[in-house]
Each structure stands twice: as C-alpha cells, then as structure tokens.
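Here is a short report on one protein model. Look at the structure first, then read on.

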Amino acid sequence: MKSEIVLRLSPKDASDEKFYKPILASKMKVAPEKITSIKVVKRSIDARKSPIVVQLHIEAYANVVPPYVNQEVSFNYSDVSNSPEVVVVGAGPGGYFAALRLIELGYKPIVVERGKDVSSRKKDLALLNRNIEVNPESNYSFGEGGAGTFSDGKLYTRSTKRGDFRKVLEVFYFHGAKEDILIDAHPHIGTDCLPGVIKRMRESIENAGGKVLFNTCVTDLVIEDGVAKGVITKQGDRIEGVATILATGHSARDVYYMLHKKGVELESKTWAMGVRVEHPQDLIDEIQYHSPTGRGEYLPAASYNLSCQVEGRGVYSFCMCPGGFVVPAMTGPEEMVVNGMSPSRRDSPYANSGIVVEVRPEDIGEYQNQGVLGGLEYQRELERLAFVNGGSGVVAPAQLLADFVDGRLSFELNDTSYVPGAIASPLHFWLPEGIGKRLQKGFEQFDKRARGFVTNEAMVLGVESRTSSPVRVPRDSNTLQHVRVKGLFPCGEGAGYAGGIASSAIDGERCAEKVKEYLG
C-alpha cells in the first residue's frame, strides 16, 4: 500500500524518522513495523507564527516493497571526442550545464574560462582576504564555477517554468551535493561543498571528451557573414566551433565593451545596487522564529526575504546568507564591492544579506549620455566611491545600521565576519541619493515587519553592486540566438537571462538544446 501524506510537525519530531514514524503509522492506520519505506519528497519550515512547524511531504509504503528501492540518480555522458565542437565561453553554472547538456546531445564542448580552476582560485581568494590586491582574472567572480562557487550555493529559483529545475538539482546531487537539496524547499549546497561539486562536473566534461581551458580570456568573437564561428583569446589563439554559447557572468565588463565595439547589439536593463547588512545570527533567529530563545536545537539558522516599494522603486533583500560571511567581490583595482557566502552548516555567528535598490536606465543621470554602456559606468563609479571612502586595499566602508537609517555618524563599529576589516564611513552621505534615501526608508519599512531589524547591533557595508548586469545581450525568444548574429547564444546572468545558480544552469541547458535545433 502506497500513501502520500503531509505531516506538520514540531521541529524535534521532524528531525528524525524515529520521532515521526509512529505519527506516520497512525495516519496510515498500520503498525509502525508494517511500514517498509519512508521517503521525504519535500521539506519546508512554516515560521509565519509561533509555534514553528516543519512540513514533510512523504511517500510511504506498507506491506510492499517500494518501486524505487536501489534506484539512483544517474547520468550517462557518452564519448564526444570526435563530435562537432561548440565553444562555451565561461565556466560558471550557465557554461558548465550547457557543456554537460551538449554532451548528452552529442556535441563536444570547448569551455573557455578566463580564470583559474577552483583549487587555484582558493589561493587567490585567501590572498584577497588578507588585503592583498585583487587578481583581475581570479577572484570571487572570475574562475571555475563563476560567482556562485564561493557563495551560499542557493539553488531555488522562480524560473522553473523555463526548464527542468529538478534535473538541475539531480545533476548537482550526482556530482556530490547532499541529498537534502532534492527535498528542501530552499535547497543550498554551501561554499565549503560547492567547489568539490564543480570540480567533479568538470571531470565529467573532460572524461566525455570535452575540453575546459583555464587562464584563457576571450578578447574577440569570430563573426563571418553574420554567423558566429568562434572566439579569439588574449594569447591570440582562434578557437572555432559550429556554435558559440556566451556565458560570461555579470561582472565581465570587458566582454560588453568588446561586443559594443564590434557592433554586436546590446541593450540597457534594470538592475539593483545597495549595501550588505550584517546582523548577529541569534538576533535574526529571534525575529524570524518569534522566540527570545532563538532557534533552539532542531531548527536551522533563520533567513529572511524582505521587499517593499519606496518612491517608485523596489527595495529588497538579495542573496541572504544565514550563518555566513561577508566577502570582497571586486574584480579590479580601485573598486570596493562586497558579497556574501555561507558554509553548508550555516554555523557562523553572523547573518548577512544584500539590501538593494532597483536602478532603471533613466535613474543614472548624466551617465545616460554614454549610451547602452552608461549603466556600467554608473556601477563602476559607485564602486570607486566605496573604494575612496573605505580603507586601504579592500577594507570596507561601514556604518551601524540604525545610524545609517537616522543619518548619524558611527564612531565605533561592531565585530564583523568581513575578514579584511571595515572602517567607519558615512554611507548615508556619499551614496547617491536615489539609492541611499530609498535604503533608509526601506529599512524603516522592514523594521515594521520584522521588529528589531533596525538596530546598531547590525552594520551595513558598502557596496553591493553586482546583483546583475546593467546590460542585456538581446536574443530571439524562440531560437535563443542573438537577434543579429546567428550561432551566438547569449546565456545566463551575464547576458541578462538569469539571476542565480539555478536559473543560470537552467538557461545553460536551454541554450544547449537550442544549439541542437540550430544545427539540425
């Protein structure tokens, strides 16, 4: 007998099968020993009010052997060594998922990555966190796995209608992610685990006959008679393919300038910029779990998702990292950019999130005179301001949160997870008014929904500017090819069609499938 049952349990009862099996048996009206299999299909936390409830969607069998016993997630990447070659620019989630899907479809991917492999990246990040100058080709944005490799590894997305989200989770699981990602409502891999998963994905590509070329920066496209034929690298090499997937990520500004100079059509788009706010994780637990004692033994570090409208623009939380760390995310000199990440256990004493303001093309003032690339220059100027108002190197400008909201100077700062360190700075004064004022009002609204959110126990660090790119590489909605260049498939965050690891992965798979259609 098969039963599909939803249990709403206390955190303790949901923490172990030994606690909820008797409850399940009672629902099924059988003795516990008659249950032959219990499979949790989905797990979520309802923290809207106290007491907190964990909801489990369960498939259970009694008195029969379930059909999925010994059934494992498996992918067969066949040998494509002698197959037609497709150039994939970028080894982030968009690029790697495109490459794996190309292999499934019978094509040989040649992945071209400007940065280093994931192991070598770690060394450069360690130097950056010691306040050593950023390596412009190997940092938190550039290198194997892209910007998401050293992040929380969040895998939830609103783009599930665009592709097979379940398959994306299964590919990550097949390459070493924990099984929890297959059942959690908000799955995450963790910055400590994701690099190993990414490395195994590369090994799958190479074992099937594909290639991954590191330290290979693309400086030009090969376009003949309106058709993409491949790329030119900084070393002067020409790498050709029957199609080109452009999955370069949102921080590859030089790619946009190269495309613009070459006459490849671009368009401006809305994006967002702001600050990263850091609270004690215990405080976020108290607020979100409605308990002065916090999360207790059986609940995970609490997260939040906040948004509001301020003067016609969205203000919202972005890339919230419970139990995480703030990290330096600049990609060049004289830039100050922060981002966040969390290990799989989310066990840091800090919680951080980007709090950002929607920026539209008409909001950038005189930078509009620079045309389609004006947003990039506006973004760059905010990062320069943060650098000038910060400390030496990668020391971040920071301000206590309540002081920021009230427009007061902060003379002392809290301890922070941001390893390079922070220096007191009046962010409320030097942030552009359209961003700073809206942030202040947005924080006030957030405090009404989450009482205690605005406090000087929390701190804002600047700036969170790389939520996405201000530029989109336009493509046909049916073929996913560039609107003017055949055989060129703009892909993922950098092209303006994704907003995170999962949506980039989905888009990578879609682009690979459209390559197949294009080539017939």
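The report covers two helix pairs, a buried lysine, the nonpolar cores and some unusual backbone spots. Keep in mind that this is a predicted model.

**Two helix pairs**

Start with helix α3 and helix α14. Helix α3 covers residues 93-104, and helix α14 covers residues 501-519. Their axes come within 7 Å and cross at roughly 40°. That angle makes α3 oblique to α14, because only angles under 35 degrees count as roughly parallel. The crossing of α3 past α14 is right-handed. On the α3 side, the contact is made by P93, G94, F97, A98, R101 and L102. On the α14 side, I501, S504, A505, G508, E509, A512, E513 and V515 take part. The residues of this contact divide into eight nonpolar, three polar and three charged.

Now turn to helix α7 and helix α9. Helix α7 runs over residues 253-262, and helix α9 over residues 374-389. These axes come within 12 Å and cross at roughly 150°. The two helices are therefore roughly antiparallel to each other, since an angle over 145 degrees counts that way. The crossing of α7 and α9 is left-handed. From α7, the residues R253, Y256 and Y257 take part. They meet L376, E377, Q379, R380 and E383 in α9. This contact divides into three nonpolar, one polar and four charged residues.

**A buried lysine**

Is K167 buried or exposed? Its relative accessibility is 12%, so K167 counts as buried; the cut-off for buried is under 20%. K167 sits in helix α5, residues 165-174. Leave aside its neighbours within four places in sequence, and K167 is in contact with F75, R101, E104 and E509. Two of these names are familiar. Both R101 of α3 and E509 of α14 also belong to the contact between those helices.

**The nonpolar cores**

The largest nonpolar core holds 127 residues. Which of its members touch the most other members? They are F172, I245, L439 and F443. Take L439 as an example. Beyond its neighbours within four places in sequence, L439 is in contact with G274, V275, V315, I355, V356, V357, F404 and L431. Another core lies apart from the largest one. It has 27 residues, among them V87, I110, L376 and V485. L376 has appeared already, as one of the α9 residues that meet α7.

**Unusual backbone spots**

Four places in the backbone deserve a look. The table lists their angles.

| Place | Feature | Angle |
|---|---|---|
| S50 to P51 | cis peptide bond | omega near 0° |
| G462 to V463 | cis peptide bond | omega about -10° |
| E311 | positive phi, not a glycine | phi near 50° |
| L480 | positive phi, not a glycine | phi about 60° |

Where does each one sit? P51 is in the loop between β2 (35-46) and β3 (53-62). V463 lies in strand β20, residues 459-464. E311 is found in the loop between β13 (307-310) and β14 (313-321). L480 is also placed in a loop, between β21 (471-472) and β22 (488-490). Is L480 buried or exposed? Its relative accessibility is 1%, so L480 counts as buried.

Key
Residues are numbered from 1 along each chain as its sequence is written. This is a predicted model: local features need pLDDT of at least 70, side-chain atom pairs count only at pLDDT 80 or more; totals for chains, interfaces and linings use all residues. Side-chain values use heavy atoms; hydrogens and water are left out. Helices (H or I, at least four residues) and strands (E, at least two) are DSSP runs, numbered from the N terminus. Buried means under 20% relative accessible area, exposed over 50%, partly exposed in between (1.4 Å probe, protein chains only). Contact means heavy atoms within 4.5 Å. Axes are lines fitted to C-alpha atoms, for helices over the stretch in contact, and angles run from 0 to 180 degrees between N-to-C directions. Angles under 35 degrees count as roughly parallel, over 145 as roughly antiparallel, 65 to 115 as roughly perpendicular and the rest as oblique. A crossing is left-handed if the near helix is turned anticlockwise from the far one by less than a right angle, and right-handed if clockwise. Ala, Val, Leu, Ile, Met, Phe, Trp, Tyr, Cys and Pro count as nonpolar, Asp, Glu, Lys and Arg as charged, and the others, Gly among them, as polar. A nonpolar core is a set of buried Ala, Val, Leu, Ile, Met, Phe, Trp, Tyr and Cys residues joined through side-chain atoms within 4.5 Å.
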